[in-house]
Amino acid sequence: MKTIPLILMGCGGVGCHLLQHIVSCRSLHSSQGLCLNVLGVSDSKSLVVTEDSSNKGLDDKFLMELCRVKRDGGSLSKLGDLGDCRLFSHPELQERILELASQLGGKTGLVFVDCSASSNTVAVLKQVVDMGCCIVMANKKPLTSTMEDFEKLYAYPRRIRHESTVGAGLPVIASLNRIISSGDPVHRIIGSLSGTLGYVMSEVEDGKPLSQVVRAAKSLGYTEPDPREDLGGMDVARKALILARILGQRINMDTIQIESLYPKEMGPDVMSVEDFMNSGLPLLDKDIQERVEKAASNGNVLRYVCVIEGSSCEVGIQELPKNSPLGRLRGSDNVLEIYTRCYTSQPLVIQGAGAGNDTTAAGVLADIVDIQDLFP
């Protein structure tokens, strides 16, 4: 039986779904000669870790209780019976994480799984990867930090996996890496990488006002609590930056042209969420509707996409042919078109669910299993 010990950083929606997947897949992985050993789990304030990291991980029943506490809005410090576990808080948290990395990184191996949404994890990740540990990420922020941070993490390409940073569980990064490794030059990438904005743009195409569509998307749980976090395009820009850097572009976020669907005068520092939804959003209806009608008159549709071509990277609304893969996009799916020497007239198209805690966690689990050959 091959054992992969891991530390999970971030046990919110994605992290808890990952723990549930690990527990539910025990028999499947056992039949494959594999065991995933969860040595510790941390949230933003605490770390719970097994006392005996050399022999066993946290008990499955304990992991499920941990998930229940987190789903109820509690923190790890609210856990009751710790059994043979210990709880660490700041500043001991980071010290204990690095201690485990030092003990296991270059020996039996250790995987650090970042399912947080924090930029603070990059300092730890840079240190543990130097200690021989592997890294699996759903968190986009470490890879969209400075170019220096990105190159530090990517200095060990065999020991890093981050499929779920772009397109949730879709095989975007793996497909792109295979193309690059084959020597097939990538000329252009265009994609709808936000399930929220994909839904919004396909709904306004049917003549519905933008304000009505955004309110519906919010009620369906497609948007963040403040929809401007989606409408501003920053999430798409982070995904575009990761793809551009994989292609070799040494760029930072301020290099990317980002089109926001709302003006600065309606930003979070000016308007409350309630004011934006009630009085600001309806003011945007007319402009979007005119753009929809103009595109339709040309036989096209509007999509909010990222476009990476040559040395340029931009994010915003594009007018696209109605019969193209992106033009046919409906609902909250993600679609990516990759144009290369081999895929010139007909691009490689990757499409499917690109959001959701369950889907993202499944992608993270697949990444963990994918690095099993690095473990004794």
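## Two sheets and the helices around them

At 11% relative accessibility, Tyr 199 counts as buried (under 20% relative accessible area; exposed is over 50% and partly exposed lies in between, with a 1.4 Å probe and protein chains only). Before we follow this residue further, note that the model is predicted, that local features need pLDDT of at least 70 and side-chain atom pairs pLDDT 80 or more, and that totals for chains, interfaces and linings use all residues. Residues are numbered from 1 along each chain as its sequence is written, and side-chain values use heavy atoms, with hydrogens and water left out.

Now back to the aromatic rings. Searching the whole structure gives three aromatic pairs (rings of Phe, Tyr and Trp, the last by its six-membered ring, with centres within 6.5 Å; planes under 30 degrees apart are stacked, over 60 edge-to-face and the rest tilted). One of them joins Tyr 199 and Tyr 222 edge-to-face, at 5.0 Å centre to centre and with 80 degrees between the planes. Tyr 199 belongs to helix H8 and Tyr 222 to the loop between helix H9 (210-219) and helix H10 (228-231), so the pair ties together parts that are 23 residues apart in sequence. Helices (H or I, at least four residues) and strands (E, at least two) are DSSP runs, numbered from the N terminus. Unlike its buried partner, Tyr 222 is partly exposed, at 35% relative accessibility.

Another edge-to-face pair is made by Tyr 262 and Phe 276, 5.9 Å centre to centre with 65 degrees between the planes. Tyr 262 sits in the loop between strand E9 (257-258) and helix H12 (273-280), while Phe 276, 14 residues apart from it, is in H12 itself. Both Tyr 262 and Phe 276 are buried.

Strand E9 leads us to a sheet. Six strands make up this open, mixed sheet, in the order E9-E11-E10-E8-E12-E13 (strands pair if DSSP finds at least two bridges between them). E9 and strand E13 (348-353) are the edge strands, each pairing on one side only. Two bridges hold E9 parallel to strand E11 (residues 312-321), with Ile 258 opposite Val 315 in E11. Helix H8 packs on this sheet, touching strand E8 (186-192), strand E10 (300-309), E11 and E12, and its direction makes about 150 degrees with that of E10. Contact means heavy atoms within 4.5 Å; axes are lines fitted to C-alpha atoms, for helices over the stretch in contact, and angles run from 0 to 180 degrees between N-to-C directions.

What does Met 201 contribute to this picture? Met 201 is found in helix H8 (residues 195-204) and is buried, with a relative accessible area of 2%. Beyond its neighbours within four places in sequence, Met 201 contacts Leu 302, Arg 303, Tyr 304 and Ile 317. Asn 334, in strand E12 (residues 333-340), is also buried, at 1%. Outside that same window of four places, its contacts include Ser 192, Ser 194, Gly 195 and Ile 350.

The other sheet has seven strands, open and mixed, in the order E4-E3-E2-E1-E5-E6-E7. Strand E4 (85-89) and strand E7 (160-161) stand at the edges with a single partner strand each, so one side of each is left without a neighbour in the sheet. Helix H3 (residues 60-71) packs here against E2, strand E3 (46-50) and E4, its direction making about 45 degrees with that of E2. Eight bridges join the parallel strands E1 (residues 2-9) and E2 (residues 34-42), and Ile 4 stands opposite Leu 36 in E2. Helix H5 (residues 121-130) lies across E1, strand E5 (111-114) and strand E6 (134-137), running at about 160 degrees to E5.

Helix H4 (residues 92-104) has 13 residues and should span 18 Å at 1.5 Å a residue, and its end C-alpha atoms are indeed 18 Å apart (the expected span is 1.5 Å times one less than the number of residues). Among its buried residues are Leu 93, Arg 96 and Leu 104, and what covers the buried set includes E1, E2, E3, E4, E5 and H5.

Finally, the whole chain: 14 helices and 13 strands, with 52% of its 376 residues buried. A compact globule of 376 residues would have a radius of gyration near 21 Å, and the chain, with 22 Å, agrees (taken over C-alpha atoms; the globule rule is 2.2 Å times the number of residues to the power 0.38).
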